[in-house]
Amino acid sequence: DSKKDEEILSLHRIDPDLPDLNKVMLLTSAHFFQKKKFLWVLYATLLAMEYTITNGFSSWGANTLCYYGVCETIVMRNPQRGYRLGRLALQLNVDIPFQDAGVVNNVTLMLMSWHKERIYPKDLCFNPEHLNEGLENGNFPMAVILGCFSFYTRFWTGEHLLSLELSIRDIYERLSELGQKGLLKRPQPLFQLILNLRKDTEDNWEELLILTGEAMDEEEYRNELSDSSPPAFHTHFWFCKTVLAYNLGFYSMAEALSLKIPHKSGLFMYKSLLLFPYTLYKSLIYCARYRETGSRTYLHKARKCRKLLEKYHSSGNPNATPHLHFAEAEELSSKSNNPAEVQSAFDNVIEIQAEHGLTHLEALANERASDANFHFGNQKAAKRYLDAAIHAYEEKRGETMKREWLLAKYDDSETE
């Protein structure tokens, strides 16, 4: 195996004047990354950098800088250096019109900038022109993969679901026209999740837990998943189901589903902005399970999630802040008997989510504040937060299903 790796690396000696040799070495680096041979990854990327610096920036020059930044961030665990290299790559995209500018822009923002700068939804919206550019140039897999990065990040950073639904439909149509519909497997769970969250229904909440509908068939999708499938496929599928279960109040099921998410399942979850919603949802699930069971084991698990968010917050990552404050307020509400203290904590969380543009967390924070006040017997405050949650879910987020679920839940609680 090592001999084969050395043969692959020797490609760079074949013709030092080969056009876009840095592209060849980056593809080689990606080969090693897939095999988790990270020192080979770094070596191949350094060769690509050497060629880039020696021979000037070809059409993949900025991509080389960006990929090297990713290596610094992930392989060498130096996000600050990765961030600087990524920003330089972005600047080159502004100065020199590269064919794959969208690739660099998206990867850089999602894997590096989140360490040092506050990321707003509008900053992470993958420019459709970049995706169209990739499709028109025949770079289908890369275009779709990066498009999926964008869709998931836009979902978790609070974009209106109708806008996301229309964007994904447009990509489906484009790929269908190009005969590449098979590439759409990656965004299917998210697409179906969005469709489920936008449904109007009456009490049949269990049906919405199943990711079957216009975008996919859950049973068929699960049958096609195997141990050899990329971890991202498993991650996206099980996380989408976890989110549905939590939002519909099936907390035990949400816990069980979250355990199916592959441990440290790659860039999509553990090395990007998606780490924060993933960690926060785990914290919310554990707190909900503590309230259901009284087992302090769940409080301990929630505390571990909060400490992970604290770690990123203390390192200066501003994107951890809204998720950390939410986790703190949720933990407080699970063990405090002081209504004023809990309400103040949630008021702070709601303000922070609105400031960051995280409309789904703003809605969820209002929902949790309503539940907490209802628990303390403060019906007037509970109703006020409930109205704010419904408004945020429906008007700011487009989650009509949550509106119906909250109204049904509140009516049932009043009846009891």
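How do helix 17 and helix 19 lie relative to each other? They are roughly parallel to each other, and the views below start there. This is a predicted model, in which local features need pLDDT of at least 70 and side-chain atom pairs count only at pLDDT 80 or more, while totals for chains, interfaces and linings use all residues. Residues are numbered from 1 along each chain as its sequence is written, and side-chain values use heavy atoms, with hydrogens and water left out.

**View 1. Helix 17 packs against helix 19.** Two packed helices are described by the angle between their axes and the distance between the axes. Here helix 17 covers residues 275–293 and helix 19 covers residues 321–335; helices are DSSP runs (H or I, at least four residues), numbered from the N terminus. Their axes are 10 Å apart, at an angle of about 5 degrees. Axes are lines fitted to C-alpha atoms, for helices over the stretch in contact, and angles run from 0 to 180 degrees between N-to-C directions. Angles under 35 degrees count as roughly parallel, over 145 as roughly antiparallel, 65 to 115 as roughly perpendicular and the rest as oblique. From helix 17, the residues that meet helix 19 include Phe276, Leu280, Leu284 and Tyr290; on the helix 19 side, look for His323, Phe326, Ala327 and Glu330, among others. Contact means heavy atoms within 4.5 Å. By class, this contact has eight nonpolar, four polar and three charged residues. Ala, Val, Leu, Ile, Met, Phe, Trp, Tyr, Cys and Pro count as nonpolar, Asp, Glu, Lys and Arg as charged, and the others, Gly among them, as polar.

**View 2. The largest nonpolar core has 79 residues.** A nonpolar core is a set of buried Ala, Val, Leu, Ile, Met, Phe, Trp, Tyr and Cys residues joined through side-chain atoms within 4.5 Å. Buried means under 20% relative accessible area, exposed over 50%, and partly exposed in between (1.4 Å probe, protein chains only). Phe155, Trp156, Leu193, Tyr246, Phe326 and Met401 touch the most other members. Helix 14 (residues 231–247) gives the most to this core, with nine residues. Another core, of seven residues, lies apart from it, and Tyr286, Tyr290, Ala302 and Cys305 are among its members. To explore around tryptophan 156, find its contacts Phe239, Val243, Leu274, Pro277, Tyr281, Leu358 and His360, a list that does not count residues up to four places away in sequence.

**View 3. Helix 11 is mostly covered.** This helix spans residues 188–197, and 10 of its 10 residues are buried. Among them are Phe191, Leu193, Ile194 and Asn196.

**View 4. Tryptophan 205 sits in helix 12 (residues 205–208).** At 11% relative accessibility, this tryptophan counts as buried. Leaving out residues up to four places away in sequence, tryptophan 205 touches Leu248, Phe250, Met401, Glu404, Trp405 and Ala408. Glutamate 404 is 199 residues apart from tryptophan 205 in sequence, yet their C-alpha atoms are 10.0 Å apart in space.

**View 5. Salt bridges link side chains within helices 13, 17 and 22.** Side chains of opposite charge can pair when their charged atoms come close. A salt bridge is a side-chain nitrogen of Lys or Arg within 4 Å of a carboxyl oxygen of Asp or Glu, and the whole structure holds 21 of them. In helix 13 (residues 218–224), arginine 222 and glutamate 218 are four residues apart, or about one helical turn, and their closest N and O atoms are 3.3 Å apart. Arginine 222 is partly exposed at 38%, whereas glutamate 218 is buried at 7%. Glutamate 292 and arginine 289 in helix 17 are three residues apart and meet at 2.8 Å, N to O. Here glutamate 292 is partly exposed at 45% and arginine 289 is buried at 12%. In helix 22 (residues 379–397), lysine 383 and aspartate 387 are four residues apart, and their closest N and O atoms are 2.9 Å apart. Lysine 383 is partly exposed at 34%, and so is aspartate 387, at 37%.

**View 6. Five residues join in a salt-bridge network.** The linked residues are Arg291, Glu330, Arg368, Asp371 and Lys409.

Note on methods: Helix = DSSP H or I, 4+ residues; strand = E, 2+ residues; numbered from the N terminus.
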